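Open the model in your viewer and show it as a cartoon with side chains hidden. The tour goes through the pockets and the ligand, one selection at a time.

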Amino acid sequence: MSVRVVARVRPLLPKELDKDVIVRVDSTSDDGRAPNIVKIPSPKNEAEEFSFQFNGVYDQATTQEELFNAEVAPHIKALFQGLDITLFAYGVTGTGKTHTMRGGMKLADRGVIPRLLSHVFRRGKKMIKDAEGEGRRVDVDVALSYYEIYNDKVYDLLEPPEKRTPTGLPLREKDNKTHVVGLSEQRCVDLRDFEKLYIAANQNRVTASTKLNAHSSRSHAILRVKVTQTFRDETDSVVSVKESTASAIDLAGSEDNRRTDNGRERLVESAAINKSLFVLSQCVDAIARGEKRIPYRESKMTRILSLGQNNGITVMILNLAPVRSYHLDTLSSLTVSSRAK
Ligand code: ADP
Ligand code: MG
């Protein structure tokens with residue numbers, strides 16, 4: 001079981017070009033070793049600087065490809081060996097979570113999720129071919145589920161919003177695992193197939209939140225990629241089946257909602273978000289410290305993900321905006337996420 005927590009600072013947006021940059025990233029040091037530090041001034045005393053250490057830091061020049069190659073690509077092999085991988089984008093609304101996970105339409109702008117799928121399909125094809133070359137047979141199946149957790153309720157994003165019930169989908173325990181009852185799963189054969197599904201599902205998410213007069217930054221969006229490998233012998237009988245999942249989560253914004261003008265409904269949302277993000281950070285801490293007891297049962301999201309329950313790999317990407325207007329929120333997300341101070 002392993003966890004990496006890394007920080008990524010986004011570039012200035014066009015409307016921020018005249019703004020004060022306060023976040024600094026130190027990825028190299030004099031002795032050539034990477035200290036992986038993010039620095040930010042104290043909000044009370046500008047002369048004082050706070051430093052936060054991570055397992056990796058990425059500055060504004062980091063491309064989508066670089067981030068993927070450094071933090072996700074190395075785990076694809078493990079996924080095919082049967083390990084689960086879980087990738088989170090954590091941070092305040094407007095810091096680049098969706099950009100990191102989903103990214104833009106242009107090839108170079110593609111985020112972690114389409115790149116992950118592309119690598120999974122490529123590796124699956126290679127496995128099938130290699131096996132053929134050795135006179136064996138293996139089938140590789142890729143199936144997607146995509147759901148959101150809003151106000152502690154689970155909604156299927158592969159289904160149209162009209163199908164939603166007020167209570168969302170229930171959870172059930174079976175074989176020591178938590179299942180979302182009724183969650184749909186769609187088989188996917190290639191990247192184009194995936195993109196079609198993914199675009200339609202993201203549209204479902206927007207439509208559903210507009211209906212509720214909510215915002216999609218108030219829910220966690222969880223994509224689960226299930227990879228099933230079926231190994232067969234010369235007679236085509238099944239020898240073994242290996243199943244593993246890669247989950248990519250675009251988390252709800254971690255901003256402190258007490259400071260913004262919020263009505264009652266927003267406060268109910270905030271309570272649900274705060275609790276789930278708190279439990280998540282407790283789980284990540286516990287995994288990082290190598291503790292046996294991970295409090296994953298204490299929130300719906302960590303329960304469904306069985307966070308830290310199998311021999312998997314977790315990567316948490318903390319997204320940060322570089323400018324002063326995010327000062328307090330940046331400080332609090334650094335405090336929550338960093339490995340050492
Ligand atoms: P969040 O999902 O955390 O609310 P977004 O991903 O929507 O934030 O990012 C906010 C804005 O910043 C968007 O316009 C997005 O395109 C831009 N952005 C975020 N990260 C980057 C990046 N690494 N490079 C270029 N633009 C970025
Ligand atoms: Mg977003």
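What volume does the largest pocket have? About 620 Å³. Keep in mind throughout that this is a predicted model.

**Stop 1: the centre of the largest pocket**

Select Lys177, Thr178, Arg224, Thr245 and Ile304. Of the 30 lining residues, these are the closest to the centre of the largest pocket.

**Stop 2: the walls**

Now colour the elements that give two or more residues to this lining. The strands are strand 6 (85-90), strand 7 (137-150), strand 10 (177-180), strand 12 (220-232), strand 13 (238-250) and strand 14 (313-320). Add helix 7 (300-305), which also belongs to this set. Then colour the lining by class. You should count 10 nonpolar, 14 polar and six charged residues.

**Stop 3: the second largest pocket**

Move to the second largest pocket, with about 480 Å³ of space. It has 27 lining residues; select the closest to its centre, which are Thr95, Gly96, Lys97, Thr98 and His99. Which element gives the most to this lining? Helix 3 does, with four residues. Colour by class again: this lining divides into five nonpolar, 15 polar and seven charged residues.

**Stop 4: ligand 1**

Show ligand 1 as sticks. The space that ligand 1 takes is this second largest pocket. Next, select the residues around ligand 1. From the earlier part of the chain, pick Arg8, Arg10, Pro11 and Leu13, which are among them. Then add the run Val92, Thr93, Gly94, Thr95, Gly96, Lys97, Thr98 and His99 to complete the shell. By class, the shell has three nonpolar, six polar and three charged residues. Helix 3 (residues 97-101) gives the most to the shell, with three residues.

**Stop 5: the polar contacts**

Zoom in on the oxygen atoms of ligand 1 and draw three distances.

- Lys97: an N or O atom of its side chain is 2.8 Å from an oxygen atom of ligand 1.
- Thr98: a side-chain N or O atom lies 2.8 Å from a ligand 1 oxygen.
- Thr95: here a backbone N or O atom is 3.4 Å from an oxygen atom of ligand 1.

Finish with a surface view of the ligand. How much of the accessible area of ligand 1 does the protein cover? The protein covers 68% of the 550 Å² that ligand 1 has on its own.

**Last look**

Keep Thr95, Lys97 and Thr98 on screen. These residues are among the closest to the centre of the second largest pocket, and they also belong to the shell around ligand 1.

Technical notes:
Residues are numbered from 1 along each chain as its sequence is written. Chains are lettered from A and ligands numbered from 1 in the order in which they are written. This is a predicted model: local features need pLDDT of at least 70, side-chain atom pairs count only at pLDDT 80 or more; totals for chains, interfaces and linings use all residues. Side-chain values use heavy atoms; hydrogens and water are left out. A residue is near a molecule or strand if one of its heavy atoms lies within 4 Å of it. A polar contact is a pair of N or O atoms within 3.5 Å; within protein, one must be able to donate a hydrogen and the other to accept it, and residues adjacent in sequence count only if both atoms are side-chain atoms. Accessible areas come from the Shrake-Rupley method with a 1.4 Å probe; for residues, only the protein chains shown count as cover. On a 1 Å grid over the protein atoms alone, a cavity is a set of points where a 1.4 Å probe fits but cannot get out, and a pocket is an open set with protein on both sides within 12 Å along at least five of seven lines; lining residues have an atom within 4 Å of a point. A molecule sits in a cavity or pocket if more than half of its atoms lie within 2 Å of its grid points. Ala, Val, Leu, Ile, Met, Phe, Trp, Tyr, Cys and Pro count as nonpolar, Asp, Glu, Lys and Arg as charged, and the others, Gly among them, as polar. Grid points are joined across faces, edges and corners, and a volume is the space filled by probe spheres set on the points.
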